[in-house]
Amino acid sequence: MSALYMDVFAPVICIIIVTVMWFLHKKKKTKFIKRKPVSEQEKRTYEKWEKRIEITAVVGLIIAWILVVIPHILDVPYLVTGDLKIAMGTVTGGDTASEESEHDRSIRIEDEMSGHEISVDFYGAGIHKDEFVIVHYLPHTKIGYVVAKGQE
(Lines give C-alpha, C1' and ligand atoms only; values in the text may rest on other atoms or scores of the structure.)
Protein backbone atom coordinates (compact mmCIF):
# COMPACT_ATOMS: atom_id res chain seq x y z
CA MET A 1 0.00 0.00 0.00
CA SER A 2 2.81 2.42 0.81
CA ALA A 3 4.27 1.92 -2.68
CA LEU A 4 1.02 3.31 -4.07
CA TYR A 5 1.73 6.64 -2.37
CA MET A 6 4.97 6.96 -4.37
CA ASP A 7 3.25 5.85 -7.57
CA VAL A 8 0.60 8.53 -7.10
CA PHE A 9 2.56 11.46 -5.70
CA ALA A 10 5.93 11.20 -7.52
CA PRO A 11 4.61 12.03 -11.03
CA VAL A 12 2.49 14.87 -9.65
CA ILE A 13 5.44 16.39 -7.79
CA CYS A 14 7.66 16.12 -10.87
CA ILE A 15 5.12 17.85 -13.11
CA ILE A 16 4.57 20.58 -10.52
CA ILE A 17 8.34 21.17 -10.38
CA VAL A 18 8.56 21.38 -14.18
CA THR A 19 5.60 23.79 -14.24
CA VAL A 20 7.23 26.03 -11.62
CA MET A 21 10.46 25.96 -13.63
CA TRP A 22 8.56 27.04 -16.74
CA PHE A 23 6.85 29.89 -14.85
CA LEU A 24 10.24 31.06 -13.52
CA HIS A 25 11.62 30.89 -17.06
CA LYS A 26 8.76 33.12 -18.26
CA LYS A 27 9.07 35.51 -15.31
CA LYS A 28 12.81 35.99 -15.82
CA LYS A 29 12.29 36.25 -19.60
CA THR A 30 15.18 33.89 -20.32
CA LYS A 31 15.76 32.16 -23.65
CA PHE A 32 16.02 28.46 -24.33
CA ILE A 33 18.73 29.06 -26.95
CA LYS A 34 21.69 30.59 -25.12
CA ARG A 35 23.97 31.06 -28.13
CA LYS A 36 24.24 34.64 -29.40
CA PRO A 37 23.26 35.09 -33.06
CA VAL A 38 26.04 36.16 -35.38
CA SER A 39 23.86 37.52 -38.17
CA GLU A 40 20.38 38.94 -38.65
CA GLN A 41 19.29 35.75 -40.43
CA GLU A 42 20.49 33.66 -37.48
CA LYS A 43 18.62 35.98 -35.08
CA ARG A 44 15.33 35.44 -36.97
CA THR A 45 15.94 31.69 -37.01
CA TYR A 46 16.57 31.69 -33.24
CA GLU A 47 13.39 33.70 -32.62
CA LYS A 48 11.40 31.25 -34.74
CA TRP A 49 12.85 28.29 -32.83
CA GLU A 50 12.24 30.00 -29.48
CA LYS A 51 8.58 30.37 -30.40
CA ARG A 52 8.34 26.71 -31.47
CA ILE A 53 10.00 25.53 -28.26
CA GLU A 54 7.68 27.74 -26.21
CA ILE A 55 4.57 26.35 -27.90
CA THR A 56 5.84 22.78 -27.50
CA ALA A 57 6.55 23.37 -23.79
CA VAL A 58 3.09 24.83 -23.14
CA VAL A 59 1.31 22.05 -25.05
CA GLY A 60 3.43 19.43 -23.28
CA LEU A 61 2.59 20.86 -19.85
CA ILE A 62 -1.12 21.01 -20.68
CA ILE A 63 -1.09 17.39 -21.85
CA ALA A 64 0.88 16.30 -18.77
CA TRP A 65 -1.60 18.02 -16.45
CA ILE A 66 -4.60 16.47 -18.23
CA LEU A 67 -3.25 12.93 -18.66
CA VAL A 68 -1.16 12.55 -15.51
CA VAL A 69 -1.90 15.06 -12.75
CA ILE A 70 -5.70 15.10 -12.88
CA PRO A 71 -6.14 11.28 -12.70
CA HIS A 72 -3.55 11.04 -9.92
CA ILE A 73 -5.25 13.79 -7.91
CA LEU A 74 -8.64 12.13 -8.40
CA ASP A 75 -7.18 8.96 -6.84
CA VAL A 76 -5.89 10.70 -3.68
CA PRO A 77 -9.19 10.32 -1.75
CA TYR A 78 -9.23 6.57 -2.50
CA LEU A 79 -5.62 6.30 -1.41
CA VAL A 80 -6.04 8.27 1.83
CA THR A 81 -9.18 6.43 2.92
CA GLY A 82 -7.83 3.04 1.80
CA ASP A 83 -11.06 2.46 -0.12
CA LEU A 84 -9.46 0.96 -3.24
CA LYS A 85 -11.52 -0.77 -5.93
CA ILE A 86 -11.44 -4.56 -5.96
CA ALA A 87 -11.25 -6.76 -9.02
CA MET A 88 -11.32 -10.51 -8.92
CA GLY A 89 -11.21 -12.81 -11.88
CA THR A 90 -8.96 -14.55 -14.35
CA VAL A 91 -6.01 -12.93 -16.07
CA THR A 92 -6.72 -12.58 -19.78
CA GLY A 93 -3.47 -10.98 -20.91
CA GLY A 94 -0.83 -8.37 -20.40
CA ASP A 95 2.65 -8.83 -18.98
CA THR A 96 2.16 -12.44 -17.89
CA ALA A 97 5.73 -13.63 -18.27
CA SER A 98 6.43 -16.78 -16.30
CA GLU A 99 9.69 -15.42 -14.92
CA GLU A 100 9.60 -14.91 -11.19
CA SER A 101 11.60 -11.67 -11.07
CA GLU A 102 9.76 -8.71 -9.63
CA HIS A 103 9.24 -5.63 -11.77
CA ASP A 104 6.46 -3.35 -12.99
CA ARG A 105 3.77 -5.31 -14.76
CA SER A 106 0.49 -4.61 -16.47
CA ILE A 107 -2.22 -7.26 -16.64
CA ARG A 108 -5.78 -7.47 -17.89
CA ILE A 109 -8.37 -9.14 -15.69
CA GLU A 110 -11.84 -10.35 -16.62
CA ASP A 111 -13.61 -9.03 -13.51
CA GLU A 112 -16.29 -11.43 -12.25
CA MET A 113 -18.10 -8.73 -10.25
CA SER A 114 -18.58 -6.19 -13.05
CA GLY A 115 -18.16 -8.39 -16.10
CA HIS A 116 -15.71 -5.90 -17.63
CA GLU A 117 -12.06 -6.36 -18.53
CA ILE A 118 -9.83 -4.19 -16.31
CA SER A 119 -6.17 -3.29 -16.86
CA VAL A 120 -4.09 -2.93 -13.70
CA ASP A 121 -0.44 -1.90 -13.29
CA PHE A 122 1.44 -3.31 -10.29
CA TYR A 123 4.89 -4.23 -9.06
CA GLY A 124 5.41 -7.92 -8.49
CA ALA A 125 6.37 -11.36 -9.72
CA GLY A 126 4.94 -13.09 -12.77
CA ILE A 127 1.24 -13.75 -13.13
CA HIS A 128 0.23 -16.46 -15.55
CA LYS A 129 -2.54 -16.20 -18.10
CA ASP A 130 -5.83 -17.81 -16.96
CA GLU A 131 -4.70 -17.53 -13.32
CA PHE A 132 -7.30 -16.31 -10.79
CA VAL A 133 -6.31 -13.10 -8.98
CA ILE A 134 -7.75 -10.62 -6.51
CA VAL A 135 -6.44 -7.09 -7.06
CA HIS A 136 -6.91 -3.81 -5.19
CA TYR A 137 -6.44 -0.80 -7.48
CA LEU A 138 -7.00 2.93 -7.83
CA PRO A 139 -9.85 3.60 -10.30
CA HIS A 140 -8.41 6.54 -12.29
CA THR A 141 -4.76 5.55 -12.68
CA LYS A 142 -5.32 1.77 -12.59
CA ILE A 143 -2.33 1.30 -10.27
CA GLY A 144 -2.70 -1.39 -7.62
CA TYR A 145 -1.39 -4.53 -6.04
CA VAL A 146 -2.25 -8.23 -6.10
CA VAL A 147 -3.85 -9.42 -2.87
CA ALA A 148 -4.16 -13.11 -3.77
CA LYS A 149 -3.48 -15.31 -6.77
CA GLY A 150 -3.96 -18.89 -7.78
CA GLN A 151 -7.06 -19.81 -5.79
CA GLU A 152 -10.68 -19.15 -6.58
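## Terms and model

Two strands pair if DSSP finds at least two bridges between them. Helices (H or I, at least four residues) and strands (E, at least two) are DSSP runs, numbered from the N terminus.

This is a predicted model, in which local features need pLDDT of at least 70, side-chain atom pairs count only at pLDDT 80 or more, and totals for chains, interfaces and linings use all residues. Residues are numbered from 1 along each chain as its sequence is written, and side-chain values use heavy atoms, with hydrogens and water left out.

## The sheet

Five strands form an open sheet in the order 3-2-1-4-5, with antiparallel pairing. Strand 3 (117-124) and strand 5 (144-149) are the edges; each pairs on one side only.

Strand 1 (residues 85-94) joins strand 4 through 6 antiparallel bridges. Here lysine 85 has tyrosine 137 of strand 4 as its bridge partner. Strand 1 also pairs with strand 2 (residues 103-111), antiparallel, over 5 bridges. In that pairing, glycine 89 is bridged to aspartate 111. Strand 4 (residues 132-137) pairs with strand 5 over 5 antiparallel bridges. Isoleucine 134 has alanine 148 of strand 5 as its bridge partner.

## Helix 2

Helix 2 (residues 40-81) has 42 residues. A bend of about 35° falls at tryptophan 65, taken as the angle between axes fitted to the seven residues ending there and the seven starting there. Just after helix 2, glycine 82 has a positive phi of about 80°.

Among the buried residues of helix 2 (under 20% relative accessible area, 1.4 Å probe, protein chains only) are Tyr46, Leu61, Val69 and Leu79. The buried residues of helix 2 pack against helix 1 (2-28), with contact meaning heavy atoms within 4.5 Å.

Methods:
The expected span of a helix is 1.5 Å times one less than its number of residues. Buried means under 20% relative accessible area, exposed over 50%, partly exposed in between (1.4 Å probe, protein chains only).
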